[in-house]
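This report asks how one protein chain is put together. Please keep the sequence and the 3D view open while reading.

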Amino acid sequence: MPVAGRLLGSGRTADVYEIDEDWVLRRDREGWGDAVAEAAVMAHVRAHGYPAPAVRPPVSRVDLIMERLDGPTMLQALTAGALDAGEAGEMLARLLRALHAVPGRVSDGARVLHLDLHPDNVVLAPDGPRVIDWTNAEDGDPGLDWGTSAVILAQVAVSAEPVAAPALPPLARATLTALLADPSDLTEEGLAQALRRRAANPTVSPQETELLRAGR
């Protein structure tokens, strides 16, 4: 098992530790992910020019060693006022379209889906945005990916508890509007499937599940 250095940050199910100036260790503390599968999809999309971090071959199911990225997340830039919500939505749309140009790994007819692409999973690195957290990635129809991003933003937009960050709901609404401003691959079936999956996600709290009904 890789040796973990200084703790750099913690998310819903994982912690990120420093290895050196170039690499970090993301350790899954809840057991929901599969570092082997995640590394494989990240290597696949990178091979097709998509901006995912570089990864090392994983040595365990819970540990993923990946390229260290400098820069804020899109969410941090939004809340700090360094990025406009319209720009954020347009960037998410470009990232989704670029990802869906990558061929699937199993079927030529399917495309790679991230299934968790939102402002906290985009790092604004000096050389451009990088997409992180590929735990949920799979092959499928792009409509599901667009629906998932839309549902996540809608949940935040209708949040009834914006005490810690009161600017988040209006920022999420504006980002969602910009995401869907241009013709996209969002479909009614993709949106419905995204809602079902989000409600069944074991990492989503009961309060967040309730917000799914309000965000419809």
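The sections below go from the whole chain to its core, a hairpin and its salt bridges.

## Overview

The structure is a predicted model. The protein has 216 residues, and 45% of them are buried. Its secondary structure consists of 7 helices and 8 strands.

The protein exposes about 10800 Å², and carbon and sulfur atoms supply 54% of that area. Contacts can also be sorted by how far apart the partners sit in the sequence. Of the contacts between residues at least 6 apart in sequence, 64% join residues at least 24 apart.

## The nonpolar cores

The largest nonpolar core holds 37 residues. Within this core, the residues that touch the most other members are Val45, Tyr50, Met74, Leu117, Trp134 and Leu179. Several elements give two or more residues to the core, among them helix H1 (35-47), strand S4 (63-67), helix H2 (74-79) and helix H3 (85-99). Strand S6 (122-125), helix H4 (142-157) and helix H5 (168-179) are also on that list. The largest share, 8 residues, comes from H3.

Trp134 can serve as an example of a core residue. Leaving aside neighbours within four places in sequence, Trp134 is in contact with Glu38, Val41, Met42, Val45, Tyr50, Ala52, Leu99, Val112 and His114. Val45 and Tyr50 in this set are also among the core residues that touch the most other members. Another core, of 6 residues, lies apart from the largest one and includes Leu113, Leu144, Val151 and Ala194.

## A hairpin of two strands

Strand S6 contributes to the largest core, and S6 also pairs with strand S7 (residues 128-131). The pairing is antiparallel and runs over 4 bridges. S6 and S7 form a hairpin with 2 residues between them. Across the pair, Ala125 stands opposite Gly128 in S7.

A salt bridge is found in the same part of the sequence: Asp127 pairs with Arg130, with the closest N and O atoms 2.9 Å apart. Are these two partners buried or exposed? Asp127 has a relative accessible area of 56%, so Asp127 counts as exposed. Arg130 is at 11% relative accessibility and therefore counts as buried, because the cut-off for buried is under 20%.

## Salt bridges between separate parts

Side chains of opposite charge can pair when their charged atoms come close. The count for this model is 10 salt bridges.

One of them joins the side chains of Glu138 and Arg197, at 3.1 Å from N to O. Glu138 lies in strand S8 (residues 138-140) and Arg197 in helix H6 (residues 188-200), so this salt bridge ties together parts that are 59 residues apart in sequence. Glu138 is partly exposed, with a relative accessible area of 26%. Arg197 is partly exposed as well, at 37% relative accessibility.

Salt bridges that share partners also join Arg6, Glu18 and Arg68 into one network. Within this network, the side chains of Glu18 and Arg6 meet at 3.5 Å, N to O. Glu18 is in strand S2 (residues 14-18), while Arg6 is in the segment before strand S1 (7-10), and the two residues are 12 residues apart. Glu18 has 23% relative accessibility and so counts as partly exposed.

Definitions and conventions:
Residues are numbered from 1 along each chain as its sequence is written. This is a predicted model: local features need pLDDT of at least 70, side-chain atom pairs count only at pLDDT 80 or more; totals for chains, interfaces and linings use all residues. Side-chain values use heavy atoms; hydrogens and water are left out. A salt bridge is a side-chain nitrogen of Lys or Arg within 4 Å of a carboxyl oxygen of Asp or Glu. Buried means under 20% relative accessible area, exposed over 50%, partly exposed in between (1.4 Å probe, protein chains only). A nonpolar core is a set of buried Ala, Val, Leu, Ile, Met, Phe, Trp, Tyr and Cys residues joined through side-chain atoms within 4.5 Å. Contact means heavy atoms within 4.5 Å. Accessible areas come from the Shrake-Rupley method with a 1.4 Å probe; for residues, only the protein chains shown count as cover. Two strands pair if DSSP finds at least two bridges between them.
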